[in-house]
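Trainee: I would like to go through this structure and ask for the reason behind each label.
Mentor: Good. Bring the labels, and we will set each one against its cut-off.

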Amino acid sequence: MLKELNPLLHSQLRLAIMSILMNCEEASFVYIKEQTQATAGNLSVQLDKLVSAGYITVEKKFQGKKPLTLCSVTDAGKEAFEEYVNALRDYLKVE
Amino acid sequence: MEDKKLNSQESLELITSMINKTKRKIHIGQGNLLLWWGYVSAIVGLLVGVSLYITGGNPACNWLWFLICIVGGIGMMVIIRKDIGRIEKEPKTYVDRLTSNLWLTNGSAFAFGTLLSIGFNFFGKNTWIVMFILAFILSGFSANMQGCIIQEKSMKIGGGFTLFAGIFVLCCVIADVPLAVEWVIPLFVLCFVVTMIIPGHILNAKAKKQC
């Protein structure tokens, strides 16, 4: 029987965020927004969901006078993403 | 991009596309720091060589070496400050952390060597040569390692050459072979040309081509 795909990751924007963060150690809110072409509001909501699940951490600081939000994936996030990709492979084999 | 559900094929395509987008790319100006340190070191090396030649080997000319730390350090801060917006905006990868730590260790070791030399000289022991040898060995090793990490052949070769030159100079010092200005200064300048100046221009040219 096929394993259920993690519903938290099985959404376009959240999966895009996790894919970006899996490929780098740290990325800024602005960078993720540019790469995903999401609106700031929607991106914030999805980031909050990933933070609540313990998949990412968000650090807010200032670069001069400008605010800088940095996101990075946690060990739990890495594990969840790997499980998701493995499950995805099983689904693709069946299809 | 929205919060819509995907099928497995779409999910896989999305992951692939995001990974491709965030792949580390060479950016314009990546070679600037290398160029800066390379030119400053080579020019100061030439300046010391010319001064020693003109004054008939006056040891006081060696104080000019400190220009590398002073001018190089100030210039580096200016370059970093100018670039800070882009540095903070771009994602940080494992490679970025590795290379910045590598050069931080290099700088710290050189600073430690300088302080030790100053301390020893304070007690009448001439150890200035340590700084000279460290400049070869540390910069050669770090450039070679960075070349391996970012897969830049010119840095691997240039760094390796400087590292071996440093070991050669060290052997000369231990064997009491005099470090004549006529060959040691040109060697120093050549090392910084092949370790930093040439790779710096190559990196900047590659970045320009990529954009």
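**Labels and their reasons**

Mentor: Start in helix α5 of chain B, residues 128–150, where Phe132(B) and Phe136(B) both sit. They are 4 residues apart, about one turn of the helix. Keep in mind that this is a predicted model.

Trainee: Why are Phe132(B) and Phe136(B) called an edge-to-face pair?
Mentor: Their ring centres are 5.2 Å apart, with 85° between the planes. Rings pair if their centres lie within 6.5 Å, and planes over 60 degrees apart count as edge-to-face. Both values meet the rule, so the pair is edge-to-face.

Trainee: What makes Phe132(B) count as buried?
Mentor: Its relative accessibility is 11%. Buried means under 20%, so Phe132(B) is buried. Phe136(B) is buried too, at 0%.

Trainee: How do you know that Trp65(B) and Phe188(B) are edge-to-face?
Mentor: The centres are 4.9 Å apart and the planes make 70°. The limits are 6.5 Å for the centres and 60 degrees for the planes. Trp65(B) and Phe188(B) therefore form an edge-to-face pair.

Trainee: Why is this pair said to tie together parts of chain B?
Mentor: Trp65(B) lies in the loop between α2 (32–54) and α3 (66–89), and Phe188(B) lies in helix α7. Those parts are 123 residues apart in sequence, so the pair ties them together.

Trainee: Buried or exposed: what are Trp65(B) and Phe188(B)?
Mentor: Trp65(B) has 14% relative accessibility, so it counts as buried. Phe188(B) has 1%, so it counts as buried as well.

Trainee: Which residues do ring pairs link into a cluster?
Mentor: Trp65(B), Phe132(B), Phe136(B), Phe188(B) and Phe192(B). Over all chains, the search finds 11 aromatic pairs.

Trainee: What makes Gly200(B) buried?
Mentor: Its relative accessible area is 0%, and the cut-off is under 20%, so Gly200(B) is buried. Gly200(B) lies in helix α7, residues 181–210 of chain B.

Trainee: Which residues is Gly200(B) in contact with, leaving aside its neighbours within four places in sequence?
Mentor: Gly31(B), Leu34(B) and Leu35(B). Contact means heavy atoms within 4.5 Å. The C-alpha atoms of Gly200(B) and Trp37(B) are 9.9 Å apart, with their places 163 residues apart along the chain.

Trainee: Why do Glu152(B) and Lys206(B) count as a salt bridge?
Mentor: The N to O distance is 2.6 Å. The rule asks for a Lys or Arg side-chain nitrogen within 4 Å of an Asp or Glu carboxyl oxygen, so the pair qualifies. Glu152(B) is in the loop between α5 and α6 (153–174), and Lys206(B) is in helix α7, 54 residues apart.

Trainee: Buried or exposed: how are Glu152(B) and Lys206(B) classed?
Mentor: Glu152(B) has a relative accessible area of 5%, so it is buried. Lys206(B) has 37%. Between the cut-offs of 20% and 50% the label is partly exposed, so that is what Lys206(B) gets.

Trainee: How many salt bridges cross the interface of chain A and chain B?
Mentor: The rule finds 2. Over all chains it finds 3.

Trainee: What makes Glu25(A) and Arg97(B) a salt bridge?
Mentor: Their N to O distance is 2.7 Å. The limit is 4 Å, so the pair counts. Glu25(A) is in the loop between α1 and β1 of chain A, and Arg97(B) is in helix α4, residues 94–122 of chain B. Glu25(A) is partly exposed at 32%, and Arg97(B) is partly exposed at 41%.

Trainee: Why does the pair of Lys92(B) and Glu26(A) join two chains?
Mentor: Lys92(B) lies in the loop between α3 and α4 of chain B, and Glu26(A) in the loop between α1 and β1 of chain A, so the pair joins two chains. Their closest N and O atoms are 3.7 Å apart, within the limit of 4 Å.

Trainee: How many residues does each chain give to the contact?
Mentor: Chain A gives 35 residues and chain B gives 27. The area buried between them is about 2800 Å², and carbon and sulfur atoms give 56% of that. In chain A, Gln12(A), Asn23(A) and Glu25(A) lose the most area to chain B, together 23% of what that side buries.

Notes
Residues are numbered from 1 along each chain as its sequence is written. Chains are lettered from A and ligands numbered from 1 in the order in which they are written. This is a predicted model: local features need pLDDT of at least 70, side-chain atom pairs count only at pLDDT 80 or more; totals for chains, interfaces and linings use all residues. Side-chain values use heavy atoms; hydrogens and water are left out. Buried area is the accessible area (1.4 Å probe) that two parts lose on being put together, summed over both. Buried means under 20% relative accessible area, exposed over 50%, partly exposed in between (1.4 Å probe, protein chains only). Rings of Phe, Tyr and Trp (its six-membered ring) pair if their centres lie within 6.5 Å; planes under 30 degrees apart count as stacked, over 60 as edge-to-face and the rest as tilted.
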